[in-house]
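Please find below a short note on the structure, set out as numbered points.

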Amino acid sequence: MRFVFGDLARRIGRATWPDVVSGTSVGALNGVFAAARDGVGLGTLTGVWQHMKVEDIYRFEPGRALRQLLRPTRGESFALLDPAPFHALVERRFPGMALRRAIDNGLTRAFIVAATEVSTGFNSLYVDGRAEIPAQPGSRIYRTRMSGEHCRASAAIPFVFPAVPIDGRHHVDGGLRQNTPLRPVIAAGVTRALVIGVKQEREKEAKSRSLGGPSAAKSNERPSLLFLAGKMLNALLLDPIERDLWSAEYRNDLLSWGVSRYGADFEAAASERGLRRIEITYVQPSADLGRMAGEIYRARPPKASKSVRFLLDRVHAYTHDIEADFLSYLYFDSAYTGALEALGYEDARRHEEQIVQLLESPN
């Protein structure tokens, strides 16, 4: 975001704000600043990632977690961690006024946040703006004035953070059903999309683990419980993006085939049924984030309370530190989050030409 809405905008001499923003989990937390067209807020957000401390996000109280597990209270959502600091941070930084101005003035057509409704398993799409989003299988659409609680609900990792209630319905991370809400964006009539992923390309990931040496040896050890938990979270929260992108590419291929077979009228007719071509630029990490978490933690463990250090040390010890995926979901320290922010900047910069082409596309 720092590159696309900051440096790139200055280089091409015009704003690069999108008119529809859709986000899940960290994508919702970051995306709200793009939807709000809040340049000052984006600068503050960069500082938050670069100077983050674990205690800015959660507290770990072993006794509390054990009590919840052994003596559950009716209506209480079990969670390993207490995210009260995170809730306070979101409410303090949420750009509510800027978002309202951008939407009310018609500059942003829609801000969409995805969460998973616990009781039904439905994908809840909260939509703030004027864009029409038709109903979709497995999803429920709620028109709302977006607030920090919607973003917090979208980022509530199951069992790690408690479910977040919205209008009496409890929600957890939207990635369980839809990691990158691309389908509602397409339904809103968008024909150009910049997709920001948080998972390294699968082929690169597999190749890096088959090169031999200590890392390959560790990846071939019998997997621990926490190692499997990290892989499970990746599969639930991160892999759906690949399916969404495949579906969009299939749509484009179908339209190209139809035009070649039946002529230009085919695409016009398909458009009447909501089938439009969409041009996508996909920016994903050039490094494995689990690997980064393990390497950075080993070199620079965070300064944190005794209970938090105990938790993180145990997680690090019982996962392959070369593939510390579960650790990456808990490691909210500037040594790691600052490195992630810098990686995101460099990865976006490497895609500068594709992003500029996307912005200048006639579609």
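The points below cover the basis of the model, two buried residues and a surface patch.

1. This is a predicted model, in which local features need pLDDT of at least 70 and side-chain atom pairs count only at pLDDT 80 or more, while totals for chains, interfaces and linings use all residues. Residues are numbered from 1 along each chain as its sequence is written, and side-chain values use heavy atoms, with hydrogens and water left out.

2. Glu 117 belongs to strand β2 (residues 110-117); strands are DSSP runs of E with at least two residues, helices are runs of H or I with at least four, and both are numbered from the N terminus. Glu 117 counts as buried because its relative accessibility is 4% (buried is under 20% relative accessible area, exposed over 50%, partly exposed in between, with a 1.4 Å probe and protein chains only). Leaving aside residues up to four places away in sequence, Glu 117 has contacts (heavy atoms within 4.5 Å) that include Arg 140, Arg 169, His 170 and His 171.

3. Met 146 sits in the loop between β4 (139-143) and α7 (148-154) and, at 7% relative accessibility, is also buried. With residues up to four places away in sequence again excluded, Met 146 touches Phe 94, Leu 99, Phe 111 and Val 113, among others. Phe 94 is 52 residues from Met 146 in sequence, yet their C-alpha atoms are 9.9 Å apart.

4. Trp 257, in helix α12 (residues 240-262), is partly exposed because its relative accessibility is 41%.

Notes. Patch = residues over 30% accessible without salt bridge, like charges linked within 9 Å, V, L, I, M, F, W, Y side chains within 5 Å. Areas by Shrake-Rupley, 256 points an atom, 1.4 Å probe, with all protein chains shown as cover. Salt bridge = Lys/Arg side-chain N within 4 Å of Asp/Glu carboxyl O.
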